[in-house]
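Me: I would like to learn how to read the features of a protein model with some care, taking one kind of feature at a time. Could we begin with the aromatic side chains?

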Amino acid sequence: MLRDGFESAAVEEALARLRERRFLDDTGFASRYARSRLQHRGVGRNRLRAGLRAKGVTRETAEAGLQDALTQVSEEAVLDRVARHYWKGRTRQEPQRKLRNLWAFLLKRGFPATLVVTRLRTLWPRWQDALDGLDPEGPEDFDGDETEES
């Protein structure tokens with residue numbers, strides 16, 4: 001059995017080596033996690049924040065990693081890609097209803113409400129009046145036909 005002092009020093013030394021080799025790097029992890037989920041899963045900053053917090057990353061570290069990822073990947077471009085994919089897949093729905101459902105879908109994917117409304121008005125200006133009166137906090141009359149692609 002090792003003495004407490006020796007055991008403690010050995011643990012600290014091992015942790016220092018792991019940090020030096022970047023095996024213990026919460027900020028790096030947070031940035032890679034956020035960047036990967038933005039690019040490949042099409043989720044927004046709110047969902048990324050929640051995911052990092054669920055993994056035990058501190059609020060400050062999660063925010064730093066998220067901000068780093070957002071400098072590398074455009075959340076606006078990701079939102080546009082996800083929105084166009086959603087739009088193309090729902091050809092039988094009338095456009096105003098489809099736009100309202102898309103709004104709700106994007107909020108559930110974690111994109112900020114102001115960004116969602118701005119982008120949808122830009123992408124589909126012909127039907128932008130369908131977005132008037134929607135609660136900026138979240139969907140109220142979403143009919144539940146979203147399909148998650150996580």
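Reply: A good place to start is Trp87, Trp124 and Trp127, which together form one aromatic cluster. The model is a predicted one, and in it there are four aromatic pairs.

Me: Which residues does tryptophan 124 touch, once residues up to four places away in sequence are not counted?

Reply: Tryptophan 124 touches Ala83, Arg84, Trp87, Leu99 and Leu102 on that count.

Me: Which charged residues lie over the face of an aromatic ring, at 3.7 Å and at 4.2 Å from the ring centre?

Reply: Arginine 90 lies over the face of tyrosine 86, with 3.7 Å to the ring centre, and lysine 98 is placed over the face of tryptophan 87, with 4.2 Å to the ring centre.

Me: Before going further into side chains, how many helices and strands does the chain have?

Reply: The chain has seven helices and zero strands, so that, by the definition of these elements as DSSP runs numbered from the N terminus, the pattern along the sequence reads α-α-α-α-α-α-α. Of the contacts with a separation of 6 or more, 69% are between residues 24 or more positions apart.

Me: How should I think about the interior, and what share of the residues is buried?

Reply: The general idea is that nonpolar side chains tend to be buried together in soluble globular proteins. In this chain, buried residues make up 38% of the 150 residues. The largest nonpolar core has 37 residues, and those with the most contacts inside it are Leu99, Leu102, Trp103, Leu106, Val116, Leu120 and Trp124. Two or more residues are given to this core by each of helix 2 (26-41), helix 3 (45-54), helix 4 (59-72), helix 5 (75-88), helix 6 and helix 7. Helix 6 gives the most to this core, namely seven residues.

Me: Within a single helix, how do I read which way the buried residues point, taking helix 7 as the case?

Reply: The general idea is that an α-helix has 3.6 residues a turn, so residues three or four places apart point the same way. In helix 7 the buried residues are Ala113, Leu115, Val116, Arg119, Leu120 and Leu123. Looking down the axis of helix 7, one finds these buried residues within an arc of 160°, so they line one face of the helix. Helix 5 and helix 6 are among what covers them.

Me: Which residues of helix 3 are buried, and what covers them?

Reply: Leu48, Gly51 and Leu52 are the buried residues of helix 3. Their arc around the axis is only 95°, which puts them on the same side of helix 3. The cover over the buried residues of helix 3 includes helix 2 and helix 4. Just after helix 3, glycine 56 takes a positive phi of about 90°.

Me: Arginine 119 appeared in the list for helix 7; why does arginine 119 count as buried, and what does its side chain join?

Reply: Arginine 119 counts as buried because its relative accessibility is 12%, and the cut-off for buried is under 20%. The side chains of arginine 119 and aspartate 80 are joined by a polar contact of 2.7 Å. With neighbours within four places in sequence left aside, arginine 119 is in contact with Glu76, Leu79 and Asp80.

Me: Where is arginine 109, and is arginine 109 buried or exposed?

Reply: Arginine 109 is in the loop between helix 6 (95-108) and helix 7 (113-123), and arginine 109 counts as buried because its relative accessibility is 3%. Its side chain reaches the backbone oxygen of glycine 42 at 3.1 Å.

Me: How would I read a residue such as arginine 37, whose relative accessibility is 21%?

Reply: Arginine 37, in helix 2, counts as partly exposed because its relative accessibility is 21%. Leaving aside neighbours within four places in sequence, arginine 37 is in contact with Gly42, Val43 and Leu48.

Me: Which residues is phenylalanine 29 in contact with, leaving aside its neighbours within four places in sequence?

Reply: Phenylalanine 29 is in contact with Leu52, Lys55 and Val57 on that basis. Phenylalanine 29 is found in helix 2 and is partly exposed, with a relative accessible area of 30%. From C-alpha to C-alpha, phenylalanine 29 and leucine 52 are 9.3 Å apart in space, and they are 23 residues apart in sequence.

How values were computed
Residues are numbered from 1 along each chain as its sequence is written. This is a predicted model: local features need pLDDT of at least 70, side-chain atom pairs count only at pLDDT 80 or more; totals for chains, interfaces and linings use all residues. Side-chain values use heavy atoms; hydrogens and water are left out. Rings of Phe, Tyr and Trp (its six-membered ring) pair if their centres lie within 6.5 Å; planes under 30 degrees apart count as stacked, over 60 as edge-to-face and the rest as tilted. A charge sits over a ring if NZ of Lys or CZ of Arg is within 6 Å of the ring centre and within 35 degrees of the ring normal. Helices (H or I, at least four residues) and strands (E, at least two) are DSSP runs, numbered from the N terminus. Buried means under 20% relative accessible area, exposed over 50%, partly exposed in between (1.4 Å probe, protein chains only). A polar contact is a pair of N or O atoms within 3.5 Å; within protein, one must be able to donate a hydrogen and the other to accept it, and residues adjacent in sequence count only if both atoms are side-chain atoms. A nonpolar core is a set of buried Ala, Val, Leu, Ile, Met, Phe, Trp, Tyr and Cys residues joined through side-chain atoms within 4.5 Å. Contact means heavy atoms within 4.5 Å. The arc is that of the directions from the helix axis to the C-beta atoms.
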